[in-house]
Amino acid sequence: MVWVVIILLLFIFQTATILIGEYKRPAKTVAWLLVLFIFPIIGFIMYYFMAKEYSQRKMVRRKGRRKMSEMKHQWMGSNGSDAVFGKGKYELFEDTRLCGLLYNIPGSPITMRNRTEVLTNADVTYEAMLQAIEVAQKHIHFEFYTIRDDEIGLKFQDALIRKAKQGVQVRVIYDGVGSYSLSKAYINKFKQAGVGIHPFLRPLIAFFDKRMNYRNHRKIIVIDGLVGFLGGINIGNEYLGADPKLGFWRDTHLKLYGDSVYYLQQTFMTDWLFVSGERLMDSTMFPEHNEPKASLAQVISSGPDAHWDAIQEMFFAGIVAAKKRVYMTTPYFIPDPSITMALKTAVISGVDVRIILPYKADSRIVQYASRSYLLELMQAGVQFYLYRKGFIHAKVMIIDHLMATVGTANVDMRSFFSNFEINAVMFDTAIIERLEDDFFMDLKESKELKLAEFEQRSRLEKGKEIIARLLSPLF
């Protein structure tokens with residue numbers, strides 16, 4: 001009898017801890033309670049080590065922002081005020097409310113002197129990256145969620161080491177979870193060549209430091225502070241279609257020039273300060289550029305250290321602002337309630353909402369979770385297409401001819417609330433039309449998921465979707 005009381009009190013304590021700790025996010029509360037119910041002791045241990053709010057990095061981010069303020073004068077120059085989109089220019093936007101929200105995202109101004117190239121798939125992207133690395137003169141900043149020591153990983157390593165031997169400062173950040181299989185030999189080869197390389201939390205350290213649940217999902221390259229890359233592509237052979245299970249890999253990346261590169265640089269510098277403790281004081285971090293093209297662009301970074309869920313709010317505001325169309329491509333679709341409601345409201349209002357998802361999945365449980373969200377959206381009129389050519393990993397959203405975003409964030413709660421992500425928002429009609437062309441090419445390789453067909457799935461499939469959805473806030 002005494003043991004029953006002890007077990008009951010222990011269970012109540014565990015439940016109360018989760019309820020208090022996650023009261024701001026009911027969906028996450030339900031997911032952790034389900035884990036606790038299935039694994040009474042193990043579940044609570046997992047919660048203790050994985051669910052701590054990320055606090056230490058807030059201090060680092062504040063330091064990084066102060067450092068950015070100190071260095072702005074090095075690149076803004078006498079015409080610096082003209083490089084940033086100001087409140088007085090709202091009339092340039094078709095939707096002033098959307099502009100107002102984007103304008104007020106902390107540390108992510110809309111910049112005016114930019115040029116952007118869309119890079120479709122890894123073969124083109126890797127070629128562009130390697131060419132940019134080859135002409136680097138001062139520094140190369142290289143940050144990826146996944147770096148593999150396979151054929152393409154070795155090719156990038158050789159290129160980076162070659163530049164380091166030429167006197168270029170090369171710094172590398174990799175995520176400890178995303179690059180968990182990276183060999184010591186690969187890392188040591190960088191170190192022996194004088195390349196600075198650090199993990200963003202090794203898996204074991206992250207687990208015991210209660211930060212396993214927070215991952216640096218960013219993919220950033222900055223060359224000499226003048227050229228930048230970001231998007232969905234990591235460093236690995238599978239992105240070239242070498243994975244026999246997934247086959248052809250469809251992805252989208254960007255090459256940036258101009259003012260927007262400074263904010264890629266700012267993000268890297270802040271991450272570098274966190275992983276290495278080193279402040280990058282070199283004046284070459286923010287060089288002046290001669291990019292004359294007046295093209296609006298915005299780089300938005302987000303993470304669990306920030307007061308704003310900036311990328312999630314950008315997605316929401318964009319969908320709400322749509323008058324004609326919302327085109328979206330994402331490999332993982334686990335929307336929070338606000339994104340779900342925005343999509344339903346848009347389509348019911350007559351907006352053409354089409355979303356491309358993978359037919360092949362690299363994670364079955366995530367795919368089941370994604371499909372649990374489809375029925376209510378399809379009933380409202382959202383059209384879903386399953387990409388059949390291979391695996392689609394592109395992360396793109398197009399809103400009318402008003403804006404488009406490409407970056408590292410998926411349309412899921414992990415990207416919105418737990419991961420460190422970075423997206424670019426473009427307002428140039430030519431870029432939007434180029435992304436739209438890619439979207440319609442992908443539609444040709446996809447098959448629409450019909451509501452009547454989807455409703456016929458088996459009870460077993462529905463059961464899997466229910467369980468996966470309950471756990472989805474933890475993915």
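Residues are called buried when their relative accessible area is under 20%, exposed when it is over 50%, and partly exposed in between (1.4 Å probe, protein chains only). The structure described here is a predicted model, in which local features need pLDDT of at least 70 and side-chain atom pairs count only at pLDDT 80 or more, while totals for chains, interfaces and linings use all residues. Residues are numbered from 1 along each chain as its sequence is written, and side-chain values use heavy atoms, with hydrogens and water left out.

The predictor's confidence in each residue is given as pLDDT, from 0 to 100. The protein chain has a mean pLDDT of 83, with 76% of its residues at 70 or more. Residues 70–82 have pLDDT below 50, and this stretch has 20 contacts in the model beyond near neighbours in sequence (contact: heavy atoms within 4.5 Å). Residues 205–212 also stay under 50, and the model has 21 contacts for them beyond four places in sequence. Where pLDDT is low, the predicted coordinates should not be read in detail.

A salt bridge was counted where a side-chain nitrogen of Lys or Arg lies within 4 Å of a carboxyl oxygen of Asp or Glu. The count by this rule is 14. Helices (H or I, at least four residues) and strands (E, at least two) are DSSP runs numbered from the N terminus. Arg-162 and Glu-134 form one salt bridge, with their closest N and O atoms 3.0 Å apart. Arg-162 belongs to helix α8 (residues 151–165) and Glu-134 to helix α7 (residues 122–134), so this pair ties together parts that are 28 residues apart in sequence. Arg-162 is partly exposed, at a relative accessible area of 37%, and Glu-134 is partly exposed at 37%.

A further salt bridge joins Arg-218 to Asp-271, again with a closest N to O distance of 3.0 Å. This pair links distant parts of the chain, 53 residues apart: Arg-218 is in the loop between α10 (203–208) and β5 (220–223), and Asp-271 is in helix α11 (residues 259–276). Arg-218 is buried at 0% relative accessibility, and Asp-271 is buried at 0%. Elsewhere, Arg-250, Arg-434, Asp-438 and Asp-442 are joined into one network by salt bridges that share partners.

Asp-150 lies in the loop between β2 (139–144) and α8. Asp-150 is buried yet has no salt bridge, and its nearest side chain of opposite charge, Arg-148, is 5.0 Å away (Lys and Arg count as positive, Asp and Glu as negative; His and the chain ends are not counted). Leaving aside residues up to four places away in sequence, Asp-150 touches Gly-236, Asn-237 and Glu-238.

Aromatic rings of Phe, Tyr and Trp (its six-membered ring) were paired if their centres lie within 6.5 Å; planes under 30 degrees apart count as stacked, over 60 as edge-to-face and the rest as tilted. The structure holds 16 such pairs. Tyr-262 and Phe-286 form an edge-to-face pair, at 6.0 Å centre to centre and 65° between the planes. Tyr-262 is in helix α11 and Phe-286 in the loop between α11 and β9 (294–302), 24 residues apart. Both Tyr-262 and Phe-286 are buried. Tyr-126, Phe-142, Phe-144 and Phe-156 form one aromatic cluster.
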